[in-house]
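Open the model in a viewer and keep a selection prompt ready. The stops below go from one pair of strands outward.

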Amino acid sequence: TQATTQAVESQAAQESTTEEPYEDLPTQSLNGILIRGDAAYEYYNFVQSTADQYVSIVNRCASALQGQATVYDMIVPTSMDIMVPQGVRDELNTSDQKKAIAYMYGSMNSAVHTLDVFDTLKAKNKEYIYFRTDHHWTALGAYYAYEVFAQQKGLTPVSLTEDFYKREYTGYLGSFYSDSNKDSRLGNNPDTVEAYEPKDTNKITITDSKGNENDYTIISDVSTWVASSKYNAFIGGDNPYSVIHNDKVTDGSACLVVKESFGNAFVPFLVPHYQDIYIVDYRYFRQVKDTTVVSLVRQLGVQ
C-alpha cells in the first residue's frame, strides 16, 4: 500500500507540473462547498477507519462468494478532484481522492476486481460528466465508468446512439444549489439531466421502504418535476431493492448492483448485458429484506 501511495504521489506531482493554464474564476467556500464560477464542488475528508471498514466489508463479501460470483468494486470520485484545476485544488483544505482510492484498492484482496475510474474521468473533465449544481455525476460520466467495467469484464460496450434513446430534462437545480442557500451563481445556470433509456426495456420493479412492489420505469420523464428532484429520472431514485428483467437476453445472466445514489445513473448501461439485474441500496435494504448481500446472491443465482 505504501509503495502504491508513493507511486500515486509521484504521478500526481508530475501531472501538476504539466497542467494546462486555467481560467481564474471567482472562488468562494460556502456551507461546506466550493463555488467556482457557476459550479459548486464538495470538499472530501478521508477517514482511514471508515475506509478500512469499507475495505473489510468488500473483502469479506468477495471471499464468501469465490467460486460463485465475481465481485467488482468501483469507488467513484466526486467532482472536486476531477473538475477543479490542480492549481486551484492545491490551495484547498480537502483530502486527495486519488490517494484515498489507491489506499483502499491496495488493501483489497485478490478476490476483488477493482475498477479504478479516476484517471478515466480526469481525462474527460472537459466534458459534461458532473453536474454543476449537484454532487452527482451525469449519465455521461457514469457511461465512461461503465466502459471501464465492460473492458475488465470482456464485454463490448453498448453504444449510446444505437442502444439507447436519449432524453433531456432541463432546469435541474441539485443539492449544491440548496446547500448554498440558493446562490444565484448556480440558480441562474441550472443543469440539464441527460438520460439514456435502454431500447431493450424500460421496465423496473421497485420495492419501496414499506415493502410494497411497484412497476416503474428505468428512465422516467421528469420534465415537469420540481427542479430539485430531476436526478430521480434514473431508476426511480433511491429505493431499497429493485429488479430489472430483460426479455431480450435469454442466457440466464444475472448481476447484483450494491449502490448508493451514484449507481442510479450507472445501472441503465448494464441492461443490454443481463437477463436480470438486481439493485440494492445498502442504506435502506434492511428495511425490506432480512438477509445479507451474500445470501441474496446465492438465493438469486447471481454470477
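Begin with strand 8 (residues 203–207) and strand 9, which pair in the antiparallel sense over 5 bridges. Strands (E, at least two residues) and helices (H or I, at least four) are DSSP runs, numbered from the N terminus; two strands pair if DSSP finds at least two bridges between them. This is a predicted model, in which local features need pLDDT of at least 70 and side-chain atom pairs count only at pLDDT 80 or more, while totals for chains, interfaces and linings use all residues. Residues are numbered from 1 along each chain as its sequence is written, and side-chain values use heavy atoms, with hydrogens and water left out.

Select T205 and look across to strand 9: D215 stands opposite. Next, select G211 in the hairpin of strand 8 and strand 9, which has 5 residues between the strands. G211 takes a positive phi near 85 degrees.

Now turn to the other partner. Strand 8 also pairs with strand 10 in the antiparallel sense, over 3 bridges. Here T207 stands opposite Y241 of strand 10.

Widen the selection to the sheet. Its 5 strands have the order 9-8-10-12-11, with mixed pairing, and the sheet is open. Strand 9 (213–217) and strand 11 (254–259) stand at the edges; each has a single partner strand, so one side of each is left without a neighbour in the sheet. From one strand to the next the twist averages 20 degrees.

Further along the sheet, strand 10 (residues 241–245) and strand 12 (residues 276–281) run antiparallel and are joined by 5 bridges. Select H245 to find D276 of strand 12 opposite.

Add helix 11, which lies across strand 10, strand 11 and strand 12. Helix 11 runs at about 160 degrees to strand 11; axes are lines fitted to C-alpha atoms, for helices over the stretch in contact (heavy atoms within 4.5 Å), and angles run from 0 to 180 degrees between N-to-C directions.

Helix 11 (293–300) leads to helix 2, whose buried residues pack against it as well as against strand 4 (71–73), helix 5 (97–106) and strand 5 (112–114). Select residues 48–64 for helix 2: 17 residues, reaching 24 Å from the first C-alpha to the last, close to the 24 Å expected at 1.5 Å a residue. That expected span is 1.5 Å times one less than the number of residues. Which residues of helix 2 are buried? They are A51, V55, V58, N59, C61 and A62, where buried means under 20% relative accessible area, exposed over 50% and partly exposed in between (1.4 Å probe, protein chains only). Seen down the axis, these buried residues fall within an arc of 165 degrees, so they line one face of helix 2; the arc is that of the directions from the helix axis to the C-beta atoms. The face turned away from the buried side carries the exposed residues S49, Q53 and R60.

Move to the open sheet of 3 strands, order 1-2-3, with antiparallel pairing. Neighbouring strands are turned by 25 degrees against each other on average, direction ignored. Strand 2 and strand 3 pair over 4 bridges, and I33 has E42 in strand 3 as its bridge partner. In strand 2 (residues 33–36), select I35, which counts as buried because its relative accessibility is 0%.

Finally, colour by pLDDT, the predictor's confidence in each residue, from 0 to 100. The chain averages 93, and 92% of the residues score at least 70. Over residues 1–8 the pLDDT is below 50.
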